Amino acid sequence: MATLKVLNYGDPVLRKDAEKVLKVSAKIQKLVSDMFDTMYAYNGVGLAAPQVGELKRIFVLDCSTDEEPMPRMVFINPVIIKKESAIISREGCLSFPGVYTDVKRYESVTVRYMDLKGKTQTMTAIGGTLLCRAIQHELDHLNGVLFVDHVIDRFSADQLLAEHHLPPIDPDKILVEPELDEALSGVAL
Ligand code: ZN
């Protein structure tokens with residue numbers, strides 16, 4: 001078992017693009033195993049490789065709850081191939097210890113990815129579930145995007161970041177999301 005160091009917001013590595021995995025080598029398998037150990041050690045639901053300083057297109061998830069156990073999952077080279085509707089959800093991130101804020105997400109996504117055996121898989125997550133939101137959150141990490149880039153209330157989020165001794169939101173990184181805004185316009189806040 002190996003627990004890796006999770007990089008905090010402010011580390012420039014978190015803003016970089018991760019590279020595609022060409023082969024699920026023994027080294028990649030070891031990284032995935034260490035990522036699970038790290039995610040569980042930090043009581044996280046998901047962890048992306050850049051968060052442990054590895055710029056590889058990999059993330060791991062375990063969205064189990066007491067009521068609903070789910071298998072742990074590995075997503076390699078994931079791509080969202082379909083996305084629909086929008087929701088506002090409260091999120092946190094292991095790279096932002098103690099910070100939770102409301103962000104915009106798609107309510108349904110279909111993701112294509114490679115599993116640990118190198119096989120292509122497709123998964124659809126609907127209804128704005130934790131799984132659905134976590135897929136979007138973790139996939140963002142592979143593109144140097146962080147959950148605060150989808151923020152609803154920048155002022156409150158900045159206050160929280162300051163309280164937790166983290167840098168403020170970078171206004172240049174806030175995403176322009178007309179599709180999400182349009183879908184949200186019919187949603188009661
Ligand atoms: Zn995160």
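# A tour from the zinc site outward

Select the zinc ion. Its protein donors are Cys93 (SG), His137 (NE2) and His141 (NE2), which lie 2.0 to 2.2 Å from the ion. Along the chain these donors follow the spacing C-x43-H-x3-H. Keep in mind that this is a predicted model.

**Stop 1: the helix with two donors**

Stay on His137 and His141. Both sit in helix H2, four residues apart, which is about one turn of the helix. Are they buried or exposed? Both His137 and His141 are buried.

Now select all of H2, residues 130–141. The helix has twelve residues and, at 1.5 Å a residue, should span 16 Å. Its end C-alpha atoms are 17 Å apart, which agrees.

Colour H2 by burial. Eleven of its twelve residues are buried, so the helix is largely enclosed by the rest of the structure. Among them are Leu131, Arg133, Gln136, Glu138 and Asp140.

What do the buried residues of H2 pack against? Show strands E1 (46–48), E2 (58–61), E3 (73–91), E4 (101–114) and E5 (120–125). The buried residues of H2 pack against these five strands.

**Stop 2: the strands around E4**

Select E4. Eleven of its 14 residues are buried, so E4 too is largely enclosed by the rest of the structure.

Add E3. E3 and E4 pair in the antiparallel sense, over twelve bridges. To find one place along this pairing, pick Arg90, which stands opposite Asp102 in E4.

Next, add E5. E4 and E5 run antiparallel and are joined by six bridges. Here, pick Val109, which stands opposite Ala125 in E5.

Follow the chain from E4 to E5. The two strands form a hairpin, with five residues between them. Stop in the turn at Gly118, which has a positive phi of about 85 degrees.

**Stop 3: the nonpolar cores**

In soluble globular proteins, nonpolar side chains tend to be buried together. Look for that here.

Select Phe59, Leu61, Phe75, Val111, Met123, Leu131 and Ile135. These have the most contacts inside the largest nonpolar core, which has 22 residues. E2, E3, E4, E5, H2 and helix H4 (178–184) each supply at least two residues of this core. Which element gives the most? H2 does, with five residues.

Zoom in on Met123. Leaving aside neighbours within four places in sequence, Met123 is in contact with Met73, Phe75, Val109, Thr110, Val111, Tyr113, Leu131 and Ile135.

Apart from this core lies another, of 18 residues. To find that core, select Ile28, Leu31, Ala49 and Ile76, which are among its members.

**Stop 4: two cysteines**

Select Cys63 and Cys132. How many disulfides does the model have? The count comes to zero. The cysteine sulfur closest to that of Cys63 is in Cys132, 10.0 Å away, too far for a bond. A disulfide needs the two sulfur atoms within 2.5 Å. Cys132 is likewise in no disulfide, and the nearest cysteine sulfur to its own is that of Cys63.

Check burial for both. Cys63 is buried, with a relative accessible area of 4%. Cys132 counts as buried at 0% relative accessibility. Cys132 also brings you back to H2, where this residue is one of the buried ones.

**Last view**

Show the zinc ion and H2 together. Two of the ion's protein donors, His137 and His141, lie in this helix, and H2 gives the most residues to the largest nonpolar core.

Definitions and conventions
Residues are numbered from 1 along each chain as its sequence is written. This is a predicted model: local features need pLDDT of at least 70, side-chain atom pairs count only at pLDDT 80 or more; totals for chains, interfaces and linings use all residues. Side-chain values use heavy atoms; hydrogens and water are left out. The expected span of a helix is 1.5 Å times one less than its number of residues. Buried means under 20% relative accessible area, exposed over 50%, partly exposed in between (1.4 Å probe, protein chains only). Contact means heavy atoms within 4.5 Å. Two strands pair if DSSP finds at least two bridges between them. A nonpolar core is a set of buried Ala, Val, Leu, Ile, Met, Phe, Trp, Tyr and Cys residues joined through side-chain atoms within 4.5 Å. Donors are N, O and S atoms within 2.8 Å of the metal (3.2 Å for Na, K and Ca); water is not among the atoms, so sites may look incomplete.
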